[in-house]
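Student: Please take a close look at one helix of this structure. I should like to understand what surrounds it, and then how that part fits into the rest of the chain.

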Amino acid sequence: MLGQRYDAMMLIIGERLNVFASKRVRTALEAKDERVILEIAGDQLAQGAQYLDVHAEGWDDMKWMLETVRQSGAAICLDSPDPEVIRKGLSMPGVKFLNSLAGGRLDCFKEAKEHKVKVVGLLHDVSAAEVVEAAKKASFPFEDLYLDPAVMPVSVDAANARKLIEKHRETKRDFPGVKTVVGISNVTHGMPRPLEIRAAILVSLLNDGLDAAICNPAELGFYARAVAIIRDDGSGRSTVDYIRAFRKDEAAKKAAPRPPTK
């Protein structure tokens, strides 16, 4: 698998343990089925994820999810808009990342610093300058801050792809010492053939210095091939990388067990 190489492309946060985005995860949570949760966690780690985003509603459900995912040995990204869940979750073993802090919960930078976690600053209802200022007041280390441009999906407005790229570029220009992250699947929500759209947007963001993505790590081979071609330096190495990546992914698909036919 190509997983060992993806960290050179960007930091990868696996997105699949989200009860609002996955019926399978939601059903497993309701049934308290640890096997399913650990299977999804293990798959993402094997595919190259460095952190696993965990999103559930309410403290009881979040606590069970965090305790279960912790059994996989994963570094966890706590995903919640609830300040109470954030504060309780930060004390849980294995939580190394917080997604996210925005308007109404910027005071949680203090707890994030105490627990030595990385933080996503969501630029949805707050500006980059406000997030950076809140981090400064809490003496939060800038090397652990990731700003998310948080643009609406292209299904709402096709111009949102351009707006995301421009907002990310502006963020990099105005705050050069701060890292950036995007939830790349959010950008293409509701669109047909979303993988091609995500790859095109992601390559542009990476060329502008994107540091991390919250994504499905199963798609990383596709992204790596796209990046390899776009970043060809004239040596031909990127084309070789592309072909090798393609062959490895094809071999992995052939080796994977096939579901039984009806």
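**Helix H6 and its surroundings**

Tutor: Just after helix H6 comes Ser-139, a residue with a positive phi near 55 degrees. Please keep in mind that the model is predicted.

Let us turn to the helix itself. H6 spans residues 128-137 and packs on the sheet, where it touches strand E5 (118-122) and strand E6 (145-148). The direction of H6 makes about 160 degrees with that of E6. Within H6, the buried residues are Ala-128, Val-131, Val-132, Ala-134 and Ala-135. Because these residues cover an arc of only 160 degrees around the axis, they lie on the same side of H6. Their packing partners are helix H5 (109-114), together with E5 and E6.

E5 and E6 belong to a wider arrangement. Eight strands close into a barrel in the order E1-E2-E3-E4-E5-E6-E7-E8, with parallel pairing. From one strand to the next, the twist averages 25 degrees.

Strand E2 shows how such pairing looks in detail. On one side, strand E1 (residues 11-18) runs parallel to E2 and is joined to it by four bridges; Gly-14 has Leu-52 of E2 as its bridge partner. E2 (residues 51-55) also pairs in the parallel sense with strand E3 (residues 76-79), again over four bridges. Here Leu-52 stands opposite Ile-76, and Val-54 stands opposite Leu-78.

In a regular strand, side chains alternate between the two faces of the sheet. In E2, Tyr-51, Asp-53 and His-55 are on one side, Leu-52 and Val-54 are on the other, and all of them are buried. Since five of the five residues of E2 are buried, the rest of the structure largely encloses this strand.

Burial also leads to the nonpolar cores. In soluble globular proteins, nonpolar side chains tend to be buried together. The largest nonpolar core here has 73 residues, and those with the most contacts inside it are Leu-17, Met-65, Leu-66, Phe-109, Val-119 and Leu-145. Apart from that core lies another, of 10 residues, which includes Ile-13, Tyr-51, Cys-77 and Tyr-146. As for Met-65, its contacts beyond four places in sequence are Leu-17, Val-25, Leu-29, Ile-37, Val-54 and Ala-56.

Met-65 also takes part in a meeting of two helices. Val-25, Ala-28 and Leu-29 in helix H1 meet Asp-61, Trp-64 and Met-65 in helix H3. The axes of H1 (residues 23-31) and H3 (residues 59-70) come within 11 Å and cross at roughly 100 degrees. H1 and H3 are therefore roughly perpendicular to each other.

A polar residue deserves attention as well. Asn-216 is found in the loop between strand E8 (212-215) and helix H10 (220-230). Its relative accessible area is 17%, so Asn-216 is buried, the limit being under 20%. Leaving out residues up to four places away in sequence, Asn-216 touches Glu-15, Arg-16 and Gln-47.

Finally, consider the whole chain. Its secondary structure comes to 11 helices and eight strands. Of its 262 residues, 48% are buried. Among contacts between residues at least 6 apart in sequence, 60% join residues at least 24 apart.

Note on methods
Residues numbered from 1 in each chain as written. Predicted model: local features only at pLDDT ≥ 70, side-chain atom pairs only at ≥ 80, totals over all residues. Heavy atoms only, no water. Core = buried A, V, L, I, M, F, W, Y, C linked by side-chain atoms within 4.5 Å. Buried < 20%, exposed > 50% of the residue type's maximum accessible area, 1.4 Å probe, protein only. Contact = heavy atoms within 4.5 Å. Pairing = 2+ DSSP bridges. Axes fitted to C-alpha atoms, helices over the stretch in contact; angles between N-to-C directions. Arc of directions from axis to C-beta. Parallel < 35°, antiparallel > 145°, perpendicular 65-115°, else oblique.
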